[in-house]
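Q: I am new to this structure and should be grateful for a close look at a single part of it. Please begin there, and then move outward to the surroundings.

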Amino acid sequence: MKPALAAALSTMAIAAAMASPAPPPPAAEPADAAGNAGTTLSLSARKVYEQARSQLVQIRTVLKGRASQTSVGSGFFVTPEGHLVTNFHVVSQAALKPERHDLVYVTADGREAPVTILAIDVRHDLALLKAGDAGASGSGRFDALALRPAGRALAQGERIYSLGNPLDVGFAVMEGNYNGLVKRSFYPQIFFGGALSGGMSGGPALDQDGQVIGVNVARRVDGEQVSFLVPSAFVAALLARAKDGPALKTPAHAEVAAQLQAHQAELTERFIAQGWKPDTHPRYRVPVPQDGFMRCWGGSEASRTGGLDMERSDCVMDTHIFAGEFNTGAISVRHESYDGSKLGALRFAAQNGQSFRNESFTRLRADLQTRPQCHEDFVDRDGLTLRAVACLRAYKKLPGLYDLSVLVATLDQPASGVQGRFDVQGVSFDNAQRLARHYLQAYARVAR
């Protein structure tokens, strides 16, 4: 990268960080279980549900001083002392705006009691809570679910049972299968071959012995019976770290930012270490990432009117981190290859010169993120001249984190070329520079 571009990035970061602060779909979309409404549950499912019924709860976020609920999810007791587990996205409003929201849990028999947040795990979408009452018997002890021991591996196809309160219509159990870990997930997730619905987030997934193997977290909206669970190993780690700690009493933005900093550091190292795919274009070396934790799709479109022929590649991460009101912590890479030989050099140059105008750099609302600070420059890559634009946007409630966008266009051919875009969400300024350099340095001519 030319020094001018790096210097501009530094200036952009300072300008973004000095912006005046402003007051600030869940990370995962829960699945639809309507197709299972009439299914007769197996005897095993009935047994599992009856055994877990007293440990299963609904988690409600309510407006402080009012009875109105603003969101609902599920949760479950994990210790006799009253510790509960749910998803971070279930309790995010109370974690980030405690002055406006309270949390309560509701049991299967309708008993309601207050609950507080002890700790959050943003990277794995978990939260550890503590009940504020004395338990169902008044003895100070609670019925709790046991976690399946880490040494007992699940077998492919093993039956598992997801519990929760789907769509706030009542407590339910959904049968499904263990299908291994999700491919290309940045963090381990279990592929649950079963149905999840909104309101089941944070509920437990149990094996046939009634032990917790995971926590309901997400579903694919473009498929059937494709849902996801957070492995119980992360529940055990959160419980060990925070069960004896104090409750969170102030907005958790600093804790969210600290965990996102850890995520972006790991993301940057793993992304740079994996390198780029070879042979991505006949004329250029174009940055297309390996598919260890990204998924790439391609397509082509021939002009029907004698204009530009285009080929396109889009590479995205399936993993995003829910930060409270938006998703962050992901990388995407795109390039489009243009053949304008039917247009001629002048008409191609005119169209190619305007191509950046179609690109947007604003992702979030103005109260969440600063305006983009951009710099344009020309970069020489061993004789290949690139037009490059780099933009940074700062998060107003998450200091030290930025979104980076880099646009690139090749300029060496009169009637053809490549335009690329590189987007990184929620990275430090230093890693934004590293990633921008890594991306720009991947462009080169192919020797022929």
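A: The side chains of Arg148 and Asp207 meet in a salt bridge, with a nitrogen-to-oxygen distance of 2.9 Å. Arg148 belongs to the loop between strand E6 (126–131) and strand E7 (159–164), and Asp207 to the loop between strand E10 (204–206) and E11, so the bridge ties together parts that are 59 residues apart in sequence. A salt bridge here is a side-chain nitrogen of Lys or Arg within 4 Å of a carboxyl oxygen of Asp or Glu. Strands (E, at least two residues) and helices (H or I, at least four) are DSSP runs, numbered from the N terminus.

The model is a predicted one, in which local features need pLDDT of at least 70 and side-chain atom pairs count only at pLDDT 80 or more, while totals for chains, interfaces and linings use all residues. Residues are numbered from 1 along each chain as its sequence is written, and side-chain values use heavy atoms, with hydrogens and water left out.

Arg148 is buried, with a relative accessible area of 9%, and Asp207 is buried as well, at 1%. Buried means under 20% relative accessible area, exposed means over 50%, and partly exposed covers the range in between (1.4 Å probe, protein chains only).

The loops that carry this pair border on strands of a barrel. Its 6 strands close in the order E7-E8-E9-E12-E11-E10, with antiparallel pairing. On average, neighbouring strands of this sheet are turned by 45° against each other, direction ignored. Angles run from 0 to 180 degrees between N-to-C directions, and axes are lines fitted to C-alpha atoms, for helices over the stretch in contact. Within the barrel, strand E11 (residues 212–219) and strand E12 (residues 227–231) run antiparallel and are joined by 5 bridges; two strands count as paired if DSSP finds at least two bridges between them. Gly214 stands opposite Pro231 in E12. Helix H4 (residues 232–242) lies across E11 and E12, at about 40° to E12, where contact means heavy atoms within 4.5 Å.

The structure holds 25 salt bridges, and some others show a different degree of burial. Arg363 and Asp403 meet through their side chains at 2.8 Å, N to O. Arg363 lies in the loop between helix H6 (345–353) and E19, and Asp403 in strand E21 (residues 402–410), so the two tie together parts that are 40 residues apart in sequence. Arg363 is partly exposed at 33%, whereas Asp403 is buried at 0%. A further salt bridge brings together Arg387 and Glu376 at 2.6 Å, N to O. This pair links strand E20, which holds Arg387, with strand E19, which holds Glu376, the two residues being 11 apart. Arg387 is buried, at 18% relative accessible area, and Glu376 is partly exposed, at 39%. Elsewhere, Arg334, Glu359, Arg421 and Asp423 are linked in a network of salt bridges.

Strands E19 and E20 also share a disulfide, which is a pair of cysteine sulfur atoms within 2.5 Å. It joins Cys374 to Cys391, with 2.0 Å from sulfur to sulfur, and is right-handed, with 110° about the S-S bond. Cys374 lies in strand E19 (residues 373–381) and Cys391 in strand E20 (residues 384–394), 17 residues apart. Cys374 is partly exposed at 40%, while Cys391 is buried at 0%.

A search of the whole structure finds 2 disulfides. In the other, Cys296 and Cys315 have their sulfur atoms 2.1 Å apart, and this link is right-handed, with 115° about the S-S bond. Cys296 is in strand E14 (residues 295–301) and Cys315 in strand E15 (residues 309–316), so the link ties together parts that are 19 residues apart in sequence. Cys296 is partly exposed at 25%, but Cys315 is buried at 1%. With bonded cysteines counted along the chain, the pattern is 1-2, 3-4.

As for the whole, the protein comprises 7 helices and 23 strands, and buried residues make up 52% of its 448 residues.
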